[in-house]
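Here are my notes on this model, point by point. Please read them with the structure open.

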Amino acid sequence: MKLDIYQVDAFANRAFQGNPAAVVPLQDWLDDELMQAIAEENNLAETAFFVKEDEGYRIRWFTPMTEVDLCGHATLASAFVLYRELGYKEPELVFNSRSGPLIVSSKGDLLQMDFPAQKCIPCEPPAGLYGALGVSRADCLKNEDYLVVLENEEELLALQPDFFSLGGLDMRGVIVTSPAADYDFVNRFFAPNVGINEDPVTGSAFTKLVPYWADRVGRTRLEGKQVSTRGGEVSCELRGDRVLLAGRAIKYLQGMIEI
């Protein structure tokens, strides 16, 4: 069996920025075990697989350890492959997923994703969270991930988390965010529970960050940046119960899997 594969840097203006994702277009679904093995072999934060359906495409995402319900950067990478490599021409592209329909549109050199907003609710920090992050005080919220809000960007950039301790928490991951001088907000994302100590750019985290910061700053249009080593800029808009996330992508690699 031979399968096409692409590696795309999502939320990037050039190669070696943003978050790399593997994209494997399929005619028919493979066994779950085989898709998981391919993701493990790729050893990237996410590998996306998609199959054409009557209306749009069905998309699934795998980390090297497990299948996940939502992945923003691998969705952006998949849309890039369809629009830029496979000749998709319609103004909108619909991916059906375990998180419902995800709509991507091409806006010049930008790709804009329409995702469900995920509003976080305030909570008490679980035992060990602040210690694992190395912070003494912060606001804590949750919705699928913990959202920890710090006072300034310098504290965020200086974090050196204990990933082993974070892996024992009861949520998918931990988003840490703060206000910033050059953006409306910055963030980092840690998810050792799914095999990713620190993710370069996490689209699904922005579905939680945008409602929080829109409420806090009183605007629905925001500019955010995930300040990982690679880094990635995301233009954001809160539109009702949806979040629009726009970014660029760059093809790094095209090849073939032989199984």
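1. Cys123 is buried, with a relative accessible area of 18%. The model is a predicted one. The closest cysteine sulfur to that of Cys123 sits in Cys140, at 3.6 Å. That is too far for a bond, because a disulfide needs the two sulfur atoms within 2.5 Å.

2. What about Cys120, buried or exposed? Cys120 is buried, at 10% relative accessible area. The closest cysteine sulfur to that of Cys120 belongs to Cys123 and is 8.6 Å away, again too far for a bond. By the distance rule, the structure has 0 disulfides. For reference, a disulfide is a covalent bond between the sulfur atoms of two cysteines.

3. Cys123 also belongs to a nonpolar core. Look first at the largest nonpolar core, which holds 56 residues. Which of its members touch the most other members? They are Trp61, Phe95 and Leu245. Helix α2 (residues 72–85) gives the most to this core, contributing 8 residues. Another core, of 21 residues, lies apart from it; Cys123, Tyr146, Leu159 and Val174 are among its members. In soluble globular proteins, nonpolar side chains tend to be buried together.

4. Leu245 is worth a click. Leaving out residues up to four places away in sequence, Leu245 touches residues including Leu111, Gln112, Met113 and Phe115. Its contacts also include Gly203, Phe206, Thr207 and Val210. Val234, Ser235 and Cys236 are among the residues touched by Leu245 as well.

5. Now the charged pairs. How many salt bridges does a search of the whole structure find? The search finds 19. Side chains of opposite charge can pair when their charged atoms come close.

6. Take Glu67 and Arg98. They form a salt bridge, with the closest N and O atoms 3.4 Å apart. Glu67 is in strand β5 (residues 67–68), while Arg98 is in the loop between β6 (92–97) and β7 (100–107). The two are 31 residues apart, so this pair links distant parts of the chain. Glu67 counts as buried, because its relative accessibility is 17% and the cut-off for buried is under 20%.

7. Next, Asp145 and Lys208. Their salt bridge has its closest N and O atoms 3.2 Å apart. Asp145 lies in strand β11 (residues 145–149) and Lys208 in helix α6 (residues 203–217), so the bridge ties together parts 63 residues apart in sequence. Both Asp145 and Lys208 are buried.

8. Glu237 and Arg221 make another salt bridge, at 3.5 Å from N to O. Glu237 belongs to strand β16 (residues 232–239) and Arg221 to strand β15 (residues 221–226), so parts that are 16 residues apart in sequence are tied together. Are these partners buried or exposed? Glu237 is buried at 12% relative accessible area, whereas Arg221 counts as exposed at 57%.

9. Some bridges share partners. Through them, Asp32, Arg60, Glu67, Asp69 and Arg98 are joined into one network. The Glu67 to Arg98 bridge was covered above.

10. Last, the surface. Phe16, Tyr252 and Leu253 make a nonpolar patch of about 320 Å². Where is Phe16? Phe16 lies in the loop between β1 (2–10) and β2 (19–26). Why does Phe16 count as exposed? Its relative accessibility is 56%, and exposed means over 50%.

Note on methods. Residues are numbered from 1 along each chain as its sequence is written. This is a predicted model: local features need pLDDT of at least 70, side-chain atom pairs count only at pLDDT 80 or more; totals for chains, interfaces and linings use all residues. Side-chain values use heavy atoms; hydrogens and water are left out. Patches are made of residues with over 30% relative accessible area and no salt bridge: like charges are joined within 9 Å, nonpolar side chains (Val, Leu, Ile, Met, Phe, Trp, Tyr) within 5 Å. Accessible areas come from the Shrake-Rupley method with a 1.4 Å probe; for residues, only the protein chains shown count as cover. A salt bridge is a side-chain nitrogen of Lys or Arg within 4 Å of a carboxyl oxygen of Asp or Glu. Helices (H or I, at least four residues) and strands (E, at least two) are DSSP runs, numbered from the N terminus. Buried means under 20% relative accessible area, exposed over 50%, partly exposed in between (1.4 Å probe, protein chains only). A nonpolar core is a set of buried Ala, Val, Leu, Ile, Met, Phe, Trp, Tyr and Cys residues joined through side-chain atoms within 4.5 Å. Contact means heavy atoms within 4.5 Å.
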